[in-house]
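Colleague: I would like to go through this model with you. Can we take the helix packing and the surface in turn?

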Amino acid sequence: MSTEPDHLAQGSEQRPASARDIALEAWSELHGGIDPRTSFWVRNWVLISHGCARPLVRLGISPNTVTALGVIATALALCLTILGDWWALLAAFVILLAALLDGIDGAIAAQTGTASRWGRINDAVADRFSDVMLVGILVVVGAPAWLGATIAVLTLILEITRATAQAVGMTGPGAVTVWERPSRVILAVIAAACSTLWWKADIGFAHALATAIALIGVVLAAVGTIQLGIAVRRQTRGLG
């Protein structure tokens, strides 16, 4: 039997949630109930996004504005990669900035209570534009266009499948596959950063290296599409 006074016990039970817990719960609610605490990387990415969002909230910047800035940043990264030389290395950092903005817009929406269906639509459309431009970066650094097109098509198939399943009643993302936004960003960052070294070192098989990176993208995109297809089939089977 506890010897703790009743009023202290009640106080501990009613302790308000910390800003950290609120941020994680908000992200979970926006992502179909997935608990970000189960992943070291996701948990800390969410916390970093919310930390960066706080000053923007104080400035009154809206989630949709940040979403648009993310697309613009990805387009800038593509343009920098086209310039070649050391610009491609700068492009790698801009890609990471764009990815961070992609997390900050949701954090702002959560902190200001302005999350909406329209905002989710804007975010999804912006992500698809960014996905295509990330594939474009792979092609610019030397990957064959047909491989880039294959990655783009598989990515769109994956996301269309997810969106259609959610429209007919599936809750959440269906499955967290090996080809989610972080994987797409990481591949583009590696390609942009490495291309600078290839061009500076005048490596003769630079196109072969770019092709190898793109092939990895094709494999991940194919596996991710299969993963999601299986999950969607299982979760929508009883929806009628």
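The questions and answers below concern a predicted model.

Colleague: At roughly what angle do the axes of α4 and α6 cross?
Modeller: Helix α4 covers residues 63-83 and helix α6 residues 117-140. Their axes come within 9 Å. Angles under 35 degrees count as roughly parallel, and α4 and α6 are therefore roughly parallel to each other. The crossing angle is roughly 5 degrees.

Colleague: How do the residues of the contact of α4 with α6 divide?
Modeller: On α4, the contact includes Val71, Leu78 and Ile82. On α6, Trp118, Asp123, Phe129 and Met133 are among the residues involved. The division is twelve nonpolar, nine polar and one charged.

Colleague: Is α4 roughly parallel or roughly antiparallel to α5?
Modeller: The axes of α4 and α5 come within 8 Å and cross at roughly 170 degrees. Angles over 145 degrees count as roughly antiparallel. So α4, relative to α5, is roughly antiparallel.

Colleague: How many residues of the contact of α4 with α5 are nonpolar?
Modeller: From α4, the contact includes Val66, Leu69, Leu76 and Leu80. From α5, Val94, Ile95, Leu101 and Ile104 are among the partners. Four residues of this contact are polar and one is charged. The nonpolar ones number 19.

Colleague: Which helix gives the largest share of the nonpolar patch?
Modeller: The patch is on the surface and has an area of about 540 Å². Leu83, Trp87, Leu90, Phe93 and Leu96 make it. Phe93 is found in helix α5. The largest share, four residues, comes from α5.

Colleague: How many residues apart in sequence are the parts that Asp102 and Arg181 tie together?
Modeller: The count of salt bridges comes to ten. In one of them, Asp102 pairs with Arg181, with the closest N and O atoms 3.6 Å apart. Asp102 lies in helix α5 and Arg181 in helix α8, so the pair ties together parts separated in sequence by 79 residues.

Definitions and conventions
Residues are numbered from 1 along each chain as its sequence is written. This is a predicted model: local features need pLDDT of at least 70, side-chain atom pairs count only at pLDDT 80 or more; totals for chains, interfaces and linings use all residues. Side-chain values use heavy atoms; hydrogens and water are left out. Axes are lines fitted to C-alpha atoms, for helices over the stretch in contact, and angles run from 0 to 180 degrees between N-to-C directions. Helices (H or I, at least four residues) and strands (E, at least two) are DSSP runs, numbered from the N terminus. Angles under 35 degrees count as roughly parallel, over 145 as roughly antiparallel, 65 to 115 as roughly perpendicular and the rest as oblique. Contact means heavy atoms within 4.5 Å. Ala, Val, Leu, Ile, Met, Phe, Trp, Tyr, Cys and Pro count as nonpolar, Asp, Glu, Lys and Arg as charged, and the others, Gly among them, as polar. Patches are made of residues with over 30% relative accessible area and no salt bridge: like charges are joined within 9 Å, nonpolar side chains (Val, Leu, Ile, Met, Phe, Trp, Tyr) within 5 Å. Accessible areas come from the Shrake-Rupley method with a 1.4 Å probe; for residues, only the protein chains shown count as cover. A salt bridge is a side-chain nitrogen of Lys or Arg within 4 Å of a carboxyl oxygen of Asp or Glu.
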